[in-house]
Each structure stands twice: as structure tokens, then as C-alpha cells.
Amino acid sequence: MKTIENVSRRGFLKGLGIGSTALVLGVNFPTLSLMPKAFAGKAASKFEPNVYVHINADSTVGIVVHRSEMGQGIRTSIPMIVADELEADWQKIEVIQGLGDKKYGSQNTDGSRSVRNFYQPLREAGASARTMLEQAAAQKWQVPVDECVAKNGKIHHKNSDKQASFGELVAIAATLTVPDAATLKLKDKSAFKFIGKSDVALVDGHKIATGDTTYGFDVELPGMRYVMIERPPVLAGKVKSLDASASKKISGVIDVIQLDDLTEPAVFKPLGGIAVIASNTWAAMKGREALNVVWEDGEHAVYDSAAYKEALKTSCDNPTNVLRNKGDVAVAFKQSASSITADYYVPELTHAPMEPPAAAAHVHDGIVDVWACTQTPQSAQNTVAQTLGVPPETVNVNVTLLGGGFGRKSKPDFVAEAALISKLIKAPVRVMWSREDEIKNGYYHAVSFQKLKAGFDQNNKVTAWQHHVALPTISSTFSKGADVIGFEGDLGLVDMPYHIDHVRCAAGKAPAHTRIGWMRSVTNINQAFAVCSFADEIAHHKGVDSKAHLLELIGPDRTIDVAKEQAKYGNYGEGLDKFPIDTKRLKNVVNRVADMAQWDKKRAKGTGLGIAVHRSFVSYVACVVEVQTQPDGKINISNIWMSVDCGTAVNPERIRSQMEGAAIFGISLTFYGELTAKNGVIQQGNFDDYPLARMTDAPPTHVDIVQSDALPGGVGEPGVPPIAPAICNAIYAATGNRYRELPLSKVGIV
């Protein structure tokens, strides 16, 4: 599980700027990862986890936040957990952003696991520090330790008016042995001062609002060069010819460098291309525009979205990888009184964070200093080390704030580019991706085709369920030629929770022609869209209420172990004993959200409600969307209600904001999200042809958080999957039109 040790006198304290009188505890955490085996060995998940707490002589409490802040509030939530058990004075808390270092364990800030994985160890870290300070007070006052109690940054003696600040006790506490975790007394929930409270302000809130923070694009270094890269328009394309004479004539352009071509698998390697080095950003941009490059596109030039869609459809008819097999679906369909089928299609998507990737690097004196808006500093460290051929220990990765991430910034290709160019030109550089760079050369959420079929008995009960999918796998980015999904099936496909006797889930082959990556909620997006839409289609086929039928499909209260149905299931890296698939919790959020939306209330003509529920990242989210038709044939979303059961709600305000953000993210991909390729080239390039939801698209979003004592589940991603199906189900209720392909902008209703 973990160990806690007194590391106050370790040499690395100097590196953290911590004085010798500080009490510092190191905590080792379990290694967990959502990554597939194909690249687990190259990820941060194999490193020994650590996070550190220190208390200074002036009573300030330093907490190293080893995760990346991208708007989810983790730089506030982690200190809340530690400070609560420590009984710290919140005004004395100092948040320290951790460098990329294996001593912190997994720093990969994705998979909705920052609180999920670290809640208990962080509580124990705070409790250990509190216990040692109480022991120090007992030693100082020569009283029994059980007469000493921590409260708001001080230790008080129960039987007298003696008290001492944390700072007054650290010199003694630093000499003590860390108590065994089994002896720690964690707070009762009723005594929490920060955990579960909604009035804890964001640590960075004021600075973010006033522009007093540093993002990837803000980093400035003495003598820094500014770099824009013209990358191959087709994955793994090569430079056929280059004329940089016009570029070099532009004022401010210092040099033009041709980078090595990419060799697949792409992993996190630089994409190659032409780097324009300049004394300022504008010169770098104009210099890049002036390049005259002829490309040799290579094998991926065959990628055409229209043809690829048809190939995926055919692949669904011939799945090669059976992911779940319960009962005998073939026999069940033969014996069915009737059946229905439906096909669903979600196009290729991109993350489109408001801040595109940017990284600064300086290779000097045998070390590499990096500053980047990265979700994964250790992967950045390793990727830079591999790119430059240097030991990882010589690479220092400083994490800035992120202007959005959504999974894009857990791929450190842009960091490797900066380090590589700094080494080549022997100067500090900042590599900047434009919006167009990001949309045309990013890592994409896989396009998918899905075919579903349901069989019914004489009483119209669903007796058979078949779900076939075809989509390029994320593993293709790490293993050239990989063409069938693996762990992606765990995300809304094999864990389908309906109580049906015969179930078959299978995947067909799909060769990849772009870099496929994980995006917020990953394949839960498309698989929940199909599963939750099809459930609604079945209800309407049967002529029954959608919400009542959804509860009927889920069936009796139970926990589901799909391993008993010939399925391998990762459960987001968690054990089913602690995080079971619990249909009682699933139905509870359905009932709660229906009550919030007044599901049974009669609506005006042209108004429709749609409902969907989905479990992902071990949390449960149900959603009701209300749409209204407009005289011009458009629809608008008038309300969204969401109920989330994420176990113990550590930071309710951040949970609400994550649900609200998920609603906007879901609206964006439902209404507008689509990348297309022609001759291997992504055709979109900016928000004009890859639009996101705007303020006029955003409805009032009402969030209900289930009070629970269960272990914390994920929060950042689980809100996204039910949005798209709930929207389409609502549109069907309002108009009678069923939409099985996204985005809806293609059919002219938004």
C-alpha cells in the first residue's frame, strides 16, 4: 500500500528550498495506471510514488502537489486532504508544484485518479504529521501524548492552558520515528474541516483571474529563441525538398533547421519537419509561412474519412476480437420473437485545449531544464532523455499551469521538440504550437463505427444484446500496425450494466492512419453514446417510458463481475472489491436526476427530455437533458440536470465545476466535433471549422452530488459520456427524429 518515513535530513530538502529545521514526511504510494500494456513500460506508472509534506519553523505547512493543474482544482484538493488530517491552519498552507520525478510516483494527471488514488495515503500523511507533532508536544511538556491535541495549526494540552504552534515543535518532531500506519487515528467524517466543504477557495483562483500565473506560453528565459515548426501534413511524411531562402530573409529569423523524419511507432516522438528559429514569436510565424516545402506523404496518404467510415462499417460485420460473451447470443437471436438493430458513428475528434501545447527548454552544462504545460512530467522527462540520449536524472521538468489539457498534454512530443532544438542550436528555446498545428497534427480521439442489435421474447423482454465496434486503437500509437482495440473495450463496452441473459461484445480491425490518443473520457464517449441511445430506442420500440425502462434494463440491485462472462476487465486499475460495478448506485442516480428534472411533468409541445446513465472511472453519472424546438427547425438545450455518485466528495465545488465543464465538453462534441481526412491530411484547422460550444450553447446545468462514504471515484471525466446520448434522446422525444451520427451540425438542427 504505502509507507511513510521521516526524511527531514535528506539531501533533497535543499533542492526543495526547505530549511534544516523542517519536519518532512515522504509517502510511498501504489503504482496504478490505465495505460495499456503496450506502453506501460515507457510510462510513469512504473516509478516509485511519493508525495511530501513539510512543516517549517515559522509554522508554514508546505505541501508538494505532484499532479498538474489544468482547471480541475487539484492544487486545492490535495492540500485540503492533507490539511484536514494535519489540523493545519489553512492560512499557513504553501502549495509547491512538484518537479517531474519518480520519487513522487505516478504524476500522470489523467484517468480521473488524482484524488481517487491518493485520498487515503494523503490522509495518512497528514495524520502521521499530526501524530508526531502531538508526540513532540508531549515530550516538550512531559505529559501523556493522549493529553495533547492538534487544532488549527497548534498543539493544545487538554489539562492546562499550554499550547504550542506547529513551528515550535518541528525541531523535536523531526527527531521522532514515523508512526506505523496501522496505529494512526484518522478523523471521523463529522470532524472534517475542509474535506467535503464547499467554501474552500481555489488556491490559484485570484492569480488566475488577475493574470498573475505562468502557463506554458508564458515562460521566458534569458537569450531565448522562439520556434515554430512546419510539420508533415500526413503522419510520418518526409521532406522531399526545401527552399528556405525566403524565410531566412525575414527580419528576426535566425535559422531554419530540418528535423529528422518520424519513424513509427509515433509514441511521443517529435513529428519531424522544418523548425524556424527566430528572435520573436512573430518572426517565427512569418518565417514558417515563407517556407517552400514539398512533402513525400508516405503510406498514410490513403486515409480518407468517407472511405474509412465504410471500412469500419464492414469491419463491424466481421469482428475478430470477442471481448465479452455471456450465454449464447446466436441461439437467443434465433429464438427471439423480434429484434431491432441500429448503427452509430462518432467521427474523429481532437482535444482543442484553449492553450495549445508549448514548452521551453535549455540544454546546458550537462543538464536539461524544461518548462511545460504537461500533464505528465515524468513521461516528459523520459521522452526528453530518450530523444537526447541522456540520463533521465539530468532532465528537470518544471510544470506550469495548463490552459486546458483533456488528455492532449499527457503526450509530451512538444516537450521533446523543445529539448531537441535547444540542443541543436545550443540556446534556450520555446516551441509553440498554433491552434492549426494542434488540430492538424495532434493526437486524436478515434473515429468509431458501432452496430447494436437487441432481441425480444414474446413478452417484449430483451433477451439478447450484441454490440460490435470498429475503431483504431490507441495502442497503434505505441506499436505500429496494432489494429484492434484492447483496454478501450473496458470503457463502456464490456461493462455494459444491463440485466440481459445473452450478451456479446466484439471488436473488428481498424488500421490507424493518425496518432490515436486518449481524450477526456476516452472511448466511453462513443460507446456510451451507442449503448445509452440504443436503450432509449428499445424503450420507444416497446412503447414504454424511457426512464422506467432504463431502470428495468439495469435490473435488480447487484454487483457485476464481467470476468464470469468471459471478459477481461481492468476496472480503471481498481479492484472490483473496493470499486464494484454496483447497479444500486447506478439506479440511484437515475432516480435522483429524474426527480430533479421532474421527469413525469407534462412539457409544452416541442419540448423533450432525454435520459442517460453511465459508470466510468468508477463513478456513476446520470443526466437528463431538456431540449426545445425552434420555429426555424433548430433545437436548443434549455436545461441539463446531472446526478453524480463519486463516493466521498472531497471538494464539492470542484465536482460541480467538473460536471458543468463535462456538460459543455459533451455539447461541443455532440453539436460540432468532427475531424475529416483527405489524402491523409486533416482538413480542419481552427475554431472556424472545428467549433466548440459557445456561451449561447450553454444551458443552465444543475448538479446533484450523492452523499456517500464510499471511496472517492473519478470526477474529471465521468460527466462527459452521458451528455451526447441524453441530448439525442431528448431530440427524439421532442421531434421524433433519431440521430445516430455525430455531430448534429451536419443535419442542420444546431
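These are my notebook entries on a predicted model, taken one topic at a time.

**Entry: the sheet**

I began with the strands. I found an open sheet of seven strands, running in the order β11-β12-β9-β19-β16-β17-β18, with mixed pairing. Which strands sit at the edges? They are β11 (253-259) and β18 (395-399), each of which pairs on one side only. I also looked up the twist, which averages 20° from one strand to the next.

Then I went to the β11 end. There, β11 and β12 (residues 273-278) pair in the antiparallel sense, and I noted six bridges between them. To see this pairing in the model, find Val253, which stands opposite Ala278 in β12.

**Entry: helices against the sheet**

Next I asked which strands α8 touches. The helix packs on the sheet and touches β9, β11, β12 and β19 (429-432). Its direction makes about 25° with that of β9.

I looked at helix α11 (residues 377-388) as well. This helix lies across β16 (358-364), β17 (367-372) and β18. Relative to β18, α11 runs at about 145°.

While on α8, I stopped at Lys286, which lies in that helix. Lys286 has a relative accessible area of 29%, so I put it down as partly exposed. I also checked Lys286 against Ser251: the two are 35 residues apart along the chain, and their C-alpha atoms are separated by 9.3 Å.

**Entry: salt bridges around Arg288**

A reminder to myself: side chains of opposite charge can pair when their charged atoms come close. In this model the count comes to 35 salt bridges. I followed a few of them.

I started with Glu230 and Arg288, whose side chains meet in a salt bridge at 3.8 Å, N to O. What does this pair tie together? Glu230 belongs to strand β9 (residues 225-230) and Arg288 to helix α8 (residues 281-289), so the bridge joins parts that are 58 residues apart in sequence.

Arg288 also meets Asp437 in a salt bridge, at 2.8 Å from N to O. This pair links distant parts of the chain, since Arg288 is in α8 and Asp437 is in helix α13 (residues 435-441), 149 residues apart.

Are these side chains buried or exposed? Arg288 has 14% relative accessibility, and because buried means under 20%, it counts as buried. Asp437, at 7%, counts as buried too. Glu230 is partly exposed, with a relative accessible area of 27%.

I then looked for further partners. Glu230, Arg288 and Asp437 turn out to be linked with Arg231 and Glu417 in a network of salt bridges.

**Entry: Lys187 and Asp84**

I picked another salt bridge to follow, between the side chains of Lys187 and Asp84, at 2.7 Å from N to O. Where do the two residues sit? Lys187 is in the loop between α5 (166-173) and α6 (205-209), while Asp84 is in helix α3 (residues 74-86). They are 103 residues apart, so this pair links distant parts of the chain. I checked their exposure, and both Lys187 and Asp84 are buried.

**Entry: helix α14**

Last, I looked at α14 (residues 524-542), a helix of 19 residues. From its first C-alpha to its last it reaches 26 Å, close to the 27 Å expected at 1.5 Å a residue. How many of its residues are buried? I noted 17 of the 19, which leaves α14 mostly covered. After the helix comes Gly543, and its phi is positive, near 70°.

Notes
Residues are numbered from 1 along each chain as its sequence is written. This is a predicted model: local features need pLDDT of at least 70, side-chain atom pairs count only at pLDDT 80 or more; totals for chains, interfaces and linings use all residues. Side-chain values use heavy atoms; hydrogens and water are left out. A salt bridge is a side-chain nitrogen of Lys or Arg within 4 Å of a carboxyl oxygen of Asp or Glu. Helices (H or I, at least four residues) and strands (E, at least two) are DSSP runs, numbered from the N terminus. Buried means under 20% relative accessible area, exposed over 50%, partly exposed in between (1.4 Å probe, protein chains only). The expected span of a helix is 1.5 Å times one less than its number of residues. Two strands pair if DSSP finds at least two bridges between them. Axes are lines fitted to C-alpha atoms, for helices over the stretch in contact, and angles run from 0 to 180 degrees between N-to-C directions. Contact means heavy atoms within 4.5 Å.
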